[in-house]
Amino acid sequence: MTPWVHIPQLLAAGITIGAIYALVALGFVTIVRASQIINFAQGEFVMLGGVITFFLIKGAGLPYPLAALMAVMAVIIIGFLLHLLVIYPLRKASVLILIMATLGASIVLSNTSALLFGTLPKALPAFSGEHPLVIGGGIRIAPQSLWVLGATFVLFLSLYLLSNRTLLGKAMEASSTDPLGADLTGIARNLMIFFAFGVSAGMGAIAGVLVTPLFYTSYNAGTLLGLKGFIAAVLGGWGKNSGAILGGFALGIVESVSIAFIPSGYKDGVAFVILLLILYFRPKGILGSPYIDSRRW
Amino acid sequence: MVAENKNEFRKRDLLYTGGLWLISLILPDPHLPYRREFIKKRDFFYLGALVLLPLILADPLIYLMALAGIYAILALGLSLFLGYAGQISLGHAAFFGIGAYTTAILTTRYAVPTVGAFWASAFVAAAFAYLIGKPILKLKGYFLALATLGFGEIFLVIVKESRGLTGGVSGIFGIPWFSVAGFAFDTYLKQYYLIWGVLIGLVLFAKNLVRSKTGRSLLAVAASEDAAASVGINVAQVKVRVFVVSAAFAGLAGSLFACVMSTANPGGFSLGLSVLIVMMVIMGGMGNLYGPIFAAIFLTWLTDVLGGYQEYSLPIFGVILILLLIFFPDGVGTRLNARLIYLISYWGRKRRRERVDI
Amino acid sequence: MALLSIDTISKSYDGVRALHRISLNVDKGTIKGLIGPNGAGKTTLFHLITGLERPTSGTISFQGIDITSMAPHEIALLGVGRTFQTLQVLGNMTVVENILTGMHTRLKGGFLASGLWLPRIHKGEKGALQEAKEILEFLGLLGRWKWPAFQLSFGQQKMLELGRALAMKPKLLLLDEPAAGLTPVEVKKLSAKIGHLRTQDITILIVEHHLGMVMEIADEVGVLHNGELIAEGTPEAVRKDPHVIEAYLQGKRD
C-alpha cells in the first residue's frame, strides 16, 4: 500500500486544519495591520475560546450556544486587557522587549488556564452531529469541518469589509502604515491598536470554539498553534488577509500530506522547516507583502 | 543659624555619600558600559565573594549557585550576540542542548574523557551555529527572532524522534562526573568551583574581546550597520562569527550541565529556557558582561523559589517577566544607583524641608 | 586617470527615476562639490558609490577598479570613506571608540586572537589609541575622549563622524552634507578643517547646501537636478550658469 493512497483523505484533513491555521493567521495579521506588533499570545486566544466554553458548559451548566458566546466575549475582554496592561505601557519599547512581553503574556495565559481549568484535554460536542459525511472517493469529512470552513469564509469576508469599507478599518490600517500621519489626522493610534487586539482575540476565540470538537484542546495547545498560525501568515504573504488565508491552507495541506511520507512524530517540525525555507528564499511570502522592505525587516 | 544647618547637612551628605560608595562597590551599573577597563577594584571583591560563598551556604544552595553558573555561561555567550551585537536569538537553548547531548553521547557510548567531550561540545554547537547562521542572519528583528525560534523547535522535534541517537523523550542516562586527570568533580562543592572557574576564564576572554577591535565591530553593527560597513566591517561575517562564539559558550555550558545532571533529556532545552536566557541578558543590561551574570543568579534563584508554589509558579513567573520588562527595559542595574540615591536622599530632603519651614 | 569615475549611472526605484545617466569624474587631490535642490539624488549617488545600493545601469570605477557591484565593506577596504546625511554616530560607544572603530581595516586580529589578547593585539591597540587621540585633537574633541558619544552636542557629533571616516586613512572621502545643522561658527571651523585635509592628499567629494562654503573650498562643482547633471565646472562658471539659476529659483517659487 503506497503512501499515495492516503493522499485524498489527508488532503481533506489538511484543508480543515488549514482553515484553523488561517483563522489564527488572520488574528496575527489584524494586529500587524494596526501596529506592526507580532502578538505571540495569539494562540492562547484560540485555546481559551475552547477551554472557557467547556468550563461554562460543564461547570456552570450553560447551554452550548450561550457558553460559546460568553466565552468569545470573555476572550475579547482578555484581548483588551492584554493591550491595556502589556502593550500600551510598552508602546515605545523596542522590538525585542515587545517580543519578550508577548511571550510572557503567552506564558501567563496558558499557565493560568492550567491553574483555573486543569491540565486535562477538553473536548466539545460537534455542532451538528458526529456522523462523518462521505464524499468523493471514500473521503470522510466530519460535519464540523464544514462549519470551520464556513466560519473562515465569513470571517475573512467580514475582515475584508471592515478594512476596506468602514472608516474604522481604514483608520486601523492608517495608524500602522503612517503613524505620524494618523496622529495628525486625528486618529487615536492607541485606540486603533486596542480595537485590533479585541478583534484579533475574538477571531481567535471563535476559531477555538470551532476547532475543539475536532481536536482536543488543552492549556498548552495554544503555543504551538500560535506559532503555526504565524508561519502561515508569513508563508502566504505577510500582512495581507488573503495571504493569511492562503498560507493557512497551504501549511495545513502540506503538513497533513507529509504524514504519508515521513514518520508522524516529525509532523510538527514540518511547519518550522517551511518557516526557515520561506524566510530564507522569499520572506515576502507567496503573495508578496506591502510591509517588508529589506532595510527594516 | 545658617552655619549650624550647613554643618548638619554636611554630616548627612557624608553619610549618604559613604553609603552610596559602599553600594556602588557592589553593584555593576550597566549604564556605565563605557568604562571598558580590564580589571577594576570591584572585580577582586566579586572574586573573593565567589570563592568564599560556599563556606557560608548550605549544600542545596551551593547546587543552586552551580546551576546559576551554568546559566551564567549561557547568558554571557548570548550577551555577546544580543547585548553587544544587538541581534535577537530565541533558540539558544538548542545550542545548550546540542552541547549537552554531544557530551552525553561521547562519554556514554564512546568512552571519550569528559575534558575532550567538553571541547567537542563547544565545537559541535559552533558548527551548527555556523550552518544555521549563514542563511538566517540575513534576517532582522521579528523575523530573525522567529527563525531562531523555529530552529530551536526543530531541534527539539529531531531530538525527541531520534530515539537511537538521543534516547528520544527519556534522554540519555549515566553521564559520568566531569573529571580532569583522575580528579572527579562529584560533589556540588567541587562542581561549583569547576563551573565558576570556567565562567571566570570565559569572562576574561569576553572582556578582552569586548575591548578589542572585534568588540567594537559588534557594537558598531548594533549601532548602525551602514556606518559599520562604511568603515570596512563585513557585517554579515561579524554576525555569523559572534553567533558561532555565543553558540560555543552555550555548548560548553551544556557539557557542564550534562556532567552535573548525569542525564540529558529534551525537557531541559525548551523555548522557555531560551526565553529565560534572553531575559537574563535584558535584565543585565545590553552592552554589559557582568549584568547578565548577576541576572542569571537572580533568575535561577527566582525560578527555584517559585518552583515551590507548584502550579502557581509559571503564571507568577510570566507576570514578573512582564513587570520587569515594563519597569526595567534597560536592565535592572541601570540607574539603580541613581534610584537608590533618590530614595536614600528622600529622607534627608524631607528633614531639610521640615527644618526650613519653621 | 581620475580617482573616481562615474560612467552613465542610472538608478530607478520601481519606476521612479532617481538618477538618469550621470557621468562625472573626481581627480586625485581635488575637492569636488555636488550641489542641487533637495531630492535631486545626491545622497542616492553616494549610496551607489559606497555600495549600499546597486545602480540600474552604468559603472563606477575607483582607481581603475570597477566597484559597481562590490559590497560596501569591500569598497571601504579600497580606501573610500564617507559620512552620512542622517548622522550615524555610534552612540553605544565612547568618543574615542568611535574613532577606533574607523581604524577597523587597519587593525589585525579576529575573535580568537582578541579574546586571548595576544601581544600583537595589545601593540595594535596601544598604537591605535595614540593615533585616535591625535585625530580627536585635530577635531577639537580631545577633552571629551572618554565621553559616551551620544552626550556630545550635534555639531560635535558631526565632527566625530568625520573623524571616524578620517581614521580609515581614506584616499577618497565622501562627505554628505557635513555642514547641515551647524552654526555659522561651526561651519567656518569645518571649512578650515576640510581645507587642511586637502594638504594631506585626500580627495574629497562633498554634497552640501551651504553654497557659500562649497564655492569657497571646491575646485570643481557639479549640479544635480531631478536626477540629472545639469552643470559641471569651476564654482564661478556654475554660479553664472542659467540652467543652475533656473533650477534653484524653480525650487524656490514652488
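What follows is a short exchange on chains A, B and C of a predicted model.

Trainee: What makes chain A as compact as a globular protein of its length?

Mentor: Chain A has 11 helices and 2 strands, in the order α-α-α-α-β-β-α-α-α-α-α-α-α. Its radius of gyration is 19 Å, and the globule rule gives 19 Å for 297 residues, so chain A is as compact as a globular protein of that length. The C-alpha atoms fill a box of roughly 65 × 50 × 35 Å along the principal axes.

Trainee: How do you know what span to expect of helix α2 (residues 42-60) of chain A?

Mentor: The expected span is 1.5 Å times one less than the number of residues. For the 19 residues of α2 in chain A that gives 27 Å, and the first and last C-alpha atoms lie 26 Å apart, close to the expected value. After α2(A) comes A:Gly61, with a positive phi near 65°.

Trainee: Why is α2(A) called mostly covered?

Mentor: A residue is buried if 20 or more other C-beta atoms lie within 10 Å of its own. In α2(A), 15 of the 19 residues are buried, hence the phrase. Over chain A, 51% of the 297 residues count as buried; in chain B, buried residues make up 52% of 358.

Trainee: What makes 35 residues of chain C count as in contact with chain B?

Mentor: Two residues are in contact if their C-beta atoms lie within 7 Å. By that cut-off, 35 residues of chain C are in contact with 25 of chain B. Elements giving two or more residues to this side of chain C include α3 (95-102) and α5 (119-139). The side divides into 15 nonpolar, 15 polar and 5 charged residues.

Technical notes
Residues are numbered from 1 along each chain as its sequence is written. Chains are lettered from A and ligands numbered from 1 in the order in which they are written. This is a predicted model: local features need pLDDT of at least 70, side-chain atom pairs count only at pLDDT 80 or more; totals for chains, interfaces and linings use all residues. Helices (H or I, at least four residues) and strands (E, at least two) are DSSP runs, numbered from the N terminus. Ala, Val, Leu, Ile, Met, Phe, Trp, Tyr, Cys and Pro count as nonpolar, Asp, Glu, Lys and Arg as charged, and the others, Gly among them, as polar. A residue is buried if 20 or more other C-beta atoms lie within 10 Å of its own, exposed if 12 or fewer, and partly exposed in between; C-beta atoms are placed from the backbone. The radius of gyration is taken over C-alpha atoms; the globule rule is 2.2 Å times the number of residues to the power 0.38.
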